[in-house]
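Please look through the structure below with the sequence beside it. The paragraphs after it go from the overall fold to single side chains.

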Amino acid sequence: MKKLPKLGCACEKHDLSVSEYRTSIVGTDFTSDKNAEVSIIQCRLCQRIWLNYAFEFPDSQESGRWFKGIIAKKEVAEMKPENAIEYLENLPWYICGGSYFGNKEVFGEGKLNMDL
């Protein structure tokens, strides 16, 4: 699996400060009752553009998770919330994290872990 070149950049983590990125909301993915927030994040430092998908099961502690993967600038305008999972699953790799993953960032590939 090809992994993100480690630049030591803040965008490699999830807990970015507002001054480190620009964001635009794509919308909410209501499929499968996930109510996931889908957004585009561009790092102000390295200029990489990320597709971010985040959700949490309301009745389950430590179920929060996010997935983010590099998205090409030309694909940003075409992205729709309901297409985000498929897009991320077709990338060679993505980064995921959140309380479900012990609040650590890990690399993933293929199918997103969406189970409770």
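What follows is a walk through the chain, its aromatic pairs and two of its buried residues.

The model is a predicted one. The chain is built from two helices and six strands. Their order along the sequence is β-β-β-β-α-α-β-β, with both helices falling between the fourth and fifth strands. The chain has 116 residues, and 42% of them count as buried. Of the contacts between residues at least 6 apart in sequence, 47% join residues at least 24 apart. The accessible surface amounts to about 7,000 Å², and carbon and sulfur atoms account for 49% of that area.

Aromatic side chains give a useful route into the interior. Searching the whole structure yields seven aromatic pairs. One of them joins Y53 and F55 in an edge-to-face arrangement, with 6.1 Å from centre to centre and 70° between the planes. Is this pair made of buried or exposed residues? Y53 has a relative accessible area of 0%, so Y53 is buried. F55, with a relative accessible area of 6%, is buried because that value is under the 20% cut-off.

A second pair is formed by W93 and F107. The ring centres of W93 and F107 are 5.9 Å apart and the planes meet at 75°; because an angle over 60 degrees counts as edge-to-face, the pair is put in that class. Which parts of the chain does this pair tie together? W93 belongs to the loop between α2 (84–89) and β5 (94–97), while F107 is in strand β6 (residues 106–108), so the contact between the rings ties together parts that are 14 residues apart in sequence. The two partners fall into separate accessibility classes: W93 is at 10% and counts as buried, whereas F107 is at 26% and counts as partly exposed.

Ring pairs also link F67, Y94, Y100 and F101 into a cluster. One ring of this cluster has a charge over it: the charged end of R65 sits over the ring of Y100, at 3.7 Å from the ring centre. Another such placement involves K68, which lies over the face of W50 at 4.7 Å from the ring centre.

Y94, a member of the cluster, is worth following further. This residue is found in strand β5 and is buried, with a relative accessible area of 3%. Leaving out residues up to four places away in sequence, Y94 touches F67, K68, G69, L88, V106, F107, G108, E109, G110, K111 and L112. For K68, the separation from Y94 is 26 residues in sequence, but 5.7 Å in space from C-alpha to C-alpha. The side chain of Y94 also reaches the backbone oxygen of G110, at 3.3 Å.

L112, one of the residues touched by Y94, lies in the segment after β6. Is L112 buried or exposed? Its relative accessibility is 4%, so L112 counts as buried. Beyond its neighbours within four places in sequence, L112 is in contact with F67, I85, L88, E89 and Y94. L112 and C96 are 16 residues apart in sequence, and their C-alpha atoms are 8.9 Å apart in space. F67 and L88 appear among the contacts of Y94 and also among those of L112.

Note on methods: Residues numbered from 1 in each chain as written. Predicted model: local features only at pLDDT ≥ 70, side-chain atom pairs only at ≥ 80, totals over all residues. Heavy atoms only, no water. Helix = DSSP H or I, 4+ residues; strand = E, 2+ residues; numbered from the N terminus. Buried < 20%, exposed > 50% of the residue type's maximum accessible area, 1.4 Å probe, protein only. Contact = heavy atoms within 4.5 Å. Areas by Shrake-Rupley, 256 points an atom, 1.4 Å probe, with all protein chains shown as cover. Phe/Tyr/Trp six-rings, centres within 6.5 Å; stacked < 30°, edge-to-face > 60°. Lys NZ or Arg CZ within 6 Å of the ring centre and 35° of its normal. Polar contact = N/O pair within 3.5 Å; in protein donor to acceptor, adjacent residues only side chain to side chain.
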